[in-house]
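Me: Please give me a close look at one helix here, the one you would start a first-year student on. After that, walk me on to a few other parts.

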Amino acid sequence: MRLILDLARGMLSRRRRQTLVSVLGVALGVAFFIAIASLMRGFQTYFIQQVIDVQPHIVLKDETRNPLPQAAELAIPEGAVAINNVKPRERVRGIRSAGEKIAMLEAIPGAAVAPILTGAALLRFGSRDVTITVTGIEPDRYRRVANLEKDMLQGRLEDLRAAANGLIIGAALAQRLGVQLGDTVVAVSPRGVSLQMKVVGLFHTGLVSLDLSAGYTLLKVNQILQDRPNVVNQILLRLNDVTRAEPLAREIEARFGDRTESWEEQNRNILTVFVIQNAIMYSVTGAILLVAAFGIYNIISTVVFEKTRDIAILKSLGFTEGDVQRLFLVQGIIAGLLGAILGCLLGQVMIEALAQVRFRTETPAGNDRFLLARDWRIFAVASFFAVASAALAAVIPARRAARLDPVQIVRGAA
């Protein structure tokens, strides 16, 4: 094998210009692959952190995914029964046996649990009215399942206990209402209950829909406001391992019967867009590497054409067809490896150059630059594709070289 490596290196070094062009083609393909993948991965990671990671990983709701089976279906389970116009049963909304379910969920290793009650309310300040969704929370539990506290501009979650009927709202909502920290607003629920609530905190998540329409108060206070004493309508879970969310949500729903949604299910449309985005990225960058592979195919084919006599001599010295084929495959792999190494260096330079770009306009989330992911796996995937495409490009000329007949070559030369 050492002899084959020496011969391959010698053949490539004698055609330095063509070898350099081929290696540069592979390197540019790898560099663009790394830069584009870093941009895409950085954006996706940022989006997940800002939109998905601020939410609980699992939400258990006070509803069922499918309607309850009717008497006719239970009586004739295998029959051709069609039931239409089934009216929903009247029931008090809320999770039944919430305390027992919370205790069971808290026993799951690596899970943090928080019960909440959500409901609509009309906030009134002076002559201005705004409809929002009020969430009743227990601060000690809620901070373990959501990242609201890191988005607080003024106040803390504990301030909900320090004031009677404390309320935390978005900074954008406060600006729309014209209120400041410490002001008192009137909250009116659909049940007609009215409470005077004091603004004790302001938050800014960067999500306009949330900053303009969400408010947080103590669970007991919201139960009074919504006229639903001792009721919770959602149980939130946050896991140490987010990949467990989907299978665990299915287990919880099968056990309790309540509709249970993971963060993946709630954001399935967004994740589908990411899959399409990645497919486009890999297609474009793969095409660049494919074009670079044609350069390697060209140089190996040229070497085979020019070294037919040398191939005949090698076979006469005892080289088998497999040895000759490996000789030219090694040349392609060497070119791919050199291109991958150089491409990784160029890719790192491109990432650092993109990181220095600044935009004049600031985004709502506070970023004025490209979002880049510096992940070693991107470099590994790019290098693998480069070496694999180089090896595939060398297969055809290598097989052609292996099939050359040394007798015919010598006769032709004579």
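Reply: Let's begin with three words: a residue is buried under 20% relative accessible area, exposed over 50%, and partly exposed in between (1.4 Å probe, protein chains only). This is a predicted model, where local features need pLDDT of at least 70, side-chain atom pairs count only at pLDDT 80 or more, and totals for chains, interfaces and linings use all residues. Residues are numbered from 1 along each chain as its sequence is written, and side-chain values use heavy atoms, leaving out hydrogens and water.

Your helix is helix 4, residues 98-106 (helices are DSSP runs of H or I with at least four residues, strands are runs of E with at least two, numbered from the N terminus). Ala98, Lys101, Ile102 and Leu105 are buried in helix 4. Viewed down the axis of helix 4, these buried residues fall within an arc of 100°, so they line one face; the arc is taken from the directions from the helix axis to the C-beta atoms. Turn to the face pointing away from the buried side of helix 4, and you find Gly99 and Glu100, which are exposed.

Now for a strand. In strand 5 (residues 166-170), five of the five residues are buried, so the strand is largely enclosed by the rest of the structure. Strand 5 runs parallel to strand 7 (residues 194-203), with five bridges joining them, and antiparallel to strand 8 (residues 214-218), with two bridges; strands count as paired when DSSP finds at least two bridges between them. Follow Ile168: its bridge partner in strand 7 is Gly201, while in strand 8 it stands opposite Tyr216.

Finally, look at the surface. Leu28, Phe32, Ile276, Ile280, Val284, Ile288 and Leu346 make up a nonpolar patch with about 580 Å² of accessible area together (Shrake-Rupley method, 1.4 Å probe). Such a patch joins nonpolar side chains within 5 Å, from residues with over 30% relative accessible area and no salt bridge, meaning no Lys or Arg side-chain nitrogen within 4 Å of an Asp or Glu carboxyl oxygen. Helix 2 (16-52) and helix 12 (268-306) each supply at least two patch residues, and helix 12 gives the most, with four. Ile280 sits in helix 12 and counts as exposed because its relative accessibility is 52%.

An unreviewed UniProt entry places "transmembrane region" at residues 20-40, 279-305, 326-351 and 376-396; such annotations may be inferred rather than shown by experiment. Residues 20-40 are 100% helix, with end C-alpha atoms 30 Å apart. Residues 376-396 are also 100% helix, with their end C-alpha atoms 32 Å apart.

Notes
Patch = residues over 30% accessible without salt bridge, like charges linked within 9 Å, V, L, I, M, F, W, Y side chains within 5 Å.
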